[in-house]
Amino acid sequence: MHQDRIFENLKEEVDVIVIYNRGEPVVDLNFFYVTGLVAGGIFEGSYAIVTPENVKVLTSLLEETSAKKGKNEVYIFRTGKEREELLRKIVGDAKRIGLNFDTLTVRDFEKIKEVLGEREYINVSSAIMDARKVKSEEEINIMREAAKIASEVADSIPDFLHEGMREYELAAKIVYEMLRRGAEDVAFTTIAAFGENAAEPHYTAGARKLKRGDFVLCDFGARYHRYNSDITRTFVFGRASEMQKDIYYTVLEAQRMGIELIKAGVNGKEVDAKVHEFIDSTKYRGRMTHSTGHGLGLAVHDHVGLSRMLDVPLKDGMVVTVEPGIYIPGFGGVRIEDDVVVRKDGHEVLTSAKKEELIEVS
Ligand SMILES: [Mn+2]
């Protein structure tokens with residue numbers, strides 16, 4: 001599984017990595033990453049014990065069936081005391097214990113120290129994150145399914161629109177359509193913004209009613225086997241004005257440029273700089289108020305991706321969003337977003353919803 005790459009990435013040697021998944025609201029996605037248990041099970045209060053050779057799962061009786069669907073050795077506890085004893089037994093006499101300090105709470109760290117006693121505890125969070133950034137073909141196949149669900153729904157949005165409907169009705173329809181197509185959940189709170197609300201990049205959905213001439217901006221994603229997709233499409237309800245068309249095609253061109261630049265070896269920083277440079281060369285200077293994209297995977301904002309503030313050398317297998325936007329307060333905005341796999345000699349776009357022409361929904 002993924003443990004080879006994690007151990008290769010370590011800056012300090014460890015004998016074993018112990019991942020604790022407390023469960024909501026402190027889910028450690030690394031638990032699912034190292035165990036590959038992405039097709040079911042919540043695994044509250046469970047441990048993954050990882051060595052270069054194998055991954056052991058220590059979980060409760062209620063997760064036994066789910067745990068045994070994976071390829072790991074499974075240990076079942078019935079009481080807290082049993083869990084402690086098994087953890088001590090599995091870790092054995094390992095001296096250097098790797099932990100994920102990005103997610104482990106202070107309380108759970110204290111607990112682990114109490115159970116395992118005097119040992120060396122080392123933060124291995126960046127070694128795991130570096131491994132997570134580069135997806136395997138198996139992970140990309142799952143993400144392709146998440147992207148397909150979101151793309152099909154995006155293509156159906158024009159059929160959902162009718163005058164007077166409220167933003168939250170559209171958001172509900174989008175969520176329903178994703179779940180109906182096999183998404184296990186949404187990736188994040190669905191954004192459905194009409195008219196001037198499309199000028200707020202992180203608006204969600206409210207009671208605003210749809211009127212002729214409104215922008216309709218929808219940003220949403222499907223979660224499938226714990227991996228996320230993230231797509232944005234913008235439409236106009238009724239006939240588009242010249243300005244709406246101009247904004248749309250400016251964003252589309254910025255996005256086309258951004259995607260075109262993506263290739264292993266290129267720095268994410270350069271992609272964002274070029275996209276901003278292009279938008280700033282038009283009359284919409286300064287109207288793109290965020291970076292071009294982020295890493296995508298088990299988390300929606302999996303890691304930094306395309307930002308001029310940060311150095312991110314793109315690697316074969318990384319998945320990033322490319323989502324330029326132009327926002328005019330009081331008027332509205334356009335964002336177009338797709339999910340893109342970085343490849344050795346270029347890129348592969350996972351999302352496929354139509355965007356080449358601004359769709360005017362009549
Ligand atoms: Mn996004």
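Let's start at a hairpin, the one formed by β16 and β17: 3 residues sit between its strands, and G330 takes a positive phi near 85° there. Please keep in mind that what we have on the screen is a predicted model. The two strands of this hairpin, β16 at residues 325-328 and β17 at residues 332-335, pair in the antiparallel sense over 4 bridges. If you want a landmark across the pairing, look for G325, which stands opposite R335 in β17.

Now stay with β17 for a moment. Are its faces covered or not? Both of them are covered: G332 and V334 are buried on one side, and G333 and R335 are buried on the other. As background, side chains in a regular strand alternate between the two faces of the sheet.

While we are on the topic of positive phi, there are a couple of other residues to find. H225 is not a glycine, yet its phi is positive, at about 45°. Right after it in the numbering comes R226, also not a glycine, with a phi near 75°. Where do they sit? H225 is in the loop between β10, residues 222-224, and β11, residues 227-228, and R226 lies in the loop between β10 and β11 as well. As for the surface, H225 counts as partly exposed because its relative accessibility is 24%.

One more backbone detail, please, over at P25. The peptide bond leading from E24 to P25 is cis, with omega near 0°. P25 is found in the loop that runs between β1 and α2, the latter being residues 29-35.

That brings us to β1 and its sheet. What is the order of the strands? Reading across, we get β4-β3-β2-β1-β5-β6, an open sheet of 6 strands with mixed pairing. At the edges stand β4, residues 73-77, and β6, residues 120-123; each has a single partner strand, so one side of each is left without a neighbour in the sheet. From one strand to the next, the twist averages 25°.

Let's look at the β6 end. Strand β5, residues 96-99, pairs with β6 in the parallel sense, over 4 bridges. Within that pairing, R96 stands opposite E120 in β6. Helix α5, residues 106-116, packs on the sheet and touches β1, β2, β5 and β6, and its direction makes about 150° with that of β6. Then there is helix α4, residues 80-91, which lies across β1, β2, β3, β4 and β5 and runs at about 150° to β4.

Helix α5 also gives us a way into the charged pairs. How many salt bridges does the structure hold? The count is 32. In α5, K113 forms a salt bridge with E110, and the closest N and O atoms are 3.9 Å apart. Both residues lie in that helix, 3 residues apart, which is about one turn. K113 has a relative accessibility of 31% and therefore counts as partly exposed, and E110, at 42%, counts as partly exposed too.

There is a similar story to tell in helix α7, residues 137-160. Here the side chains of E152 and K148 meet in a salt bridge, 3.6 Å from N to O. Because they are 4 residues apart in α7, about one helical turn separates them. E152 is partly exposed, with a relative accessible area of 33%, and K148 counts as partly exposed at 44%. This pair belongs to a network of salt bridges that links K148, E152, K173, E177, R180 and R181.

Another salt bridge joins R212 and E163, with the closest N and O atoms 3.4 Å apart. Why is this one worth a look? R212 lies in the loop between β8 and β9, while E163 lies in the loop between α7 and α8, so the pair ties together parts that are 49 residues apart in sequence. R212 is partly exposed, with a relative accessible area of 47%.

Finally, a stop on the surface. V304, M309 and L310 make a nonpolar patch of about 290 Å². V304 lies in strand β14, residues 304-306, and counts as partly exposed, at 42% relative accessibility.

How values were computed. Residues are numbered from 1 along each chain as its sequence is written. This is a predicted model: local features need pLDDT of at least 70, side-chain atom pairs count only at pLDDT 80 or more; totals for chains, interfaces and linings use all residues. Side-chain values use heavy atoms; hydrogens and water are left out. Two strands pair if DSSP finds at least two bridges between them. Axes are lines fitted to C-alpha atoms, for helices over the stretch in contact, and angles run from 0 to 180 degrees between N-to-C directions. Contact means heavy atoms within 4.5 Å. Patches are made of residues with over 30% relative accessible area and no salt bridge: like charges are joined within 9 Å, nonpolar side chains (Val, Leu, Ile, Met, Phe, Trp, Tyr) within 5 Å. Accessible areas come from the Shrake-Rupley method with a 1.4 Å probe; for residues, only the protein chains shown count as cover. A salt bridge is a side-chain nitrogen of Lys or Arg within 4 Å of a carboxyl oxygen of Asp or Glu. Buried means under 20% relative accessible area, exposed over 50%, partly exposed in between (1.4 Å probe, protein chains only).
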